[in-house]
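Okay, thanks everyone, let's get going. I'll put the structure up and then walk you through a few bits of it.

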Amino acid sequence: MLKYYNYDVVFQEVPDEVSLAINLTNCPNHCPACHSPHLWENIGAELTEDELSRLVEIYRGDITCVCIMGGDAAKNEVETLAHYIKNTLKLKVAWYSGRYDKPVNINDFDYIKFGPYDDEKGGLKSPETNQRFYKVTDGNLIDCTERFQRKH
Ligand code: SF4
């Protein structure tokens, strides 16, 4: 079961998109120096398809993308939700994963960030980052990490 802690409309997490970013809980990655350790707990409201639809309708017309932040403990459910967002809600889908596991059906996603947070290497804005941000185009992963490392 996916649960979420909070959500916000954001502009920088996905280049060229206005995203409804939803912070999922029960993160299993436990990165040292995690910026949001409260997301390790299995707390929050259940993110069902109905609940997601309700959130999307609040911002319909203002957002172009839903950004799923986390969910590595239930990757299959993230993939099911991505399929629903893309095919039923008709919005783009981004996923911020703390791992490097590719989804089974990559075409249900438009953007994917892979990798845990390493404080020494920094996040996506750091040239030394271990994290990668990809755009999905025709089933291929196009590395766009450098978009975070310059003004855009
Ligand atoms: S993946 Fe994100 S939320 Fe989870 S432990 Fe790492 S930094 Fe924290």
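Quick definition first: when I say two strands pair, I mean that DSSP finds at least two bridges between them. And keep in mind that this is a predicted model.

So, the strands. β1, residues 3-10, pairs with β2, residues 19-24, in the antiparallel sense, and there are six bridges between them. To give you one spot to look at, valine 9 sits opposite leucine 20 of β2. β1 also runs antiparallel to β3, residues 45-46, with two bridges joining them. There, lysine 3 has glutamate 46 of β3 as its bridge partner.

Next, helix α2, residues 75-87. How far apart are its end C-alpha atoms? They're 18 Å apart, and that agrees with the expected span, because 13 residues at 1.5 Å a residue should cover 18 Å. The buried residues in α2 are Val78, Glu79, Leu81, Ala82 and Ile85. These cover an arc of only 165° around the axis, so they're on the same side of α2. Flip to the face turned away from that buried side and you'll find Asn76 and Asn87, which are exposed. And what covers the buried residues? That includes α1 (49-59), β4 (65-69) and β5 (92-96).

Last stop, the ligand. Around it you'll find Cys27, Asn29, His30, Cys31, Cys34, His35, Ser36, Leu39, Gly70, Gly98, Pro116 and Tyr117. How does that shell split by class? Six residues are nonpolar, six are polar, and none are charged.

That's me done, happy to rotate the view for anyone.

Conventions:
Residues are numbered from 1 along each chain as its sequence is written. This is a predicted model: local features need pLDDT of at least 70, side-chain atom pairs count only at pLDDT 80 or more; totals for chains, interfaces and linings use all residues. A residue is near a molecule or strand if its C-beta atom, placed from the backbone, lies within 6 Å of it. Ala, Val, Leu, Ile, Met, Phe, Trp, Tyr, Cys and Pro count as nonpolar, Asp, Glu, Lys and Arg as charged, and the others, Gly among them, as polar. Helices (H or I, at least four residues) and strands (E, at least two) are DSSP runs, numbered from the N terminus. The expected span of a helix is 1.5 Å times one less than its number of residues. A residue is buried if 20 or more other C-beta atoms lie within 10 Å of its own, exposed if 12 or fewer, and partly exposed in between; C-beta atoms are placed from the backbone. The arc is that of the directions from the helix axis to the C-beta atoms. Two residues are in contact if their C-beta atoms, placed from the backbone, lie within 7 Å.
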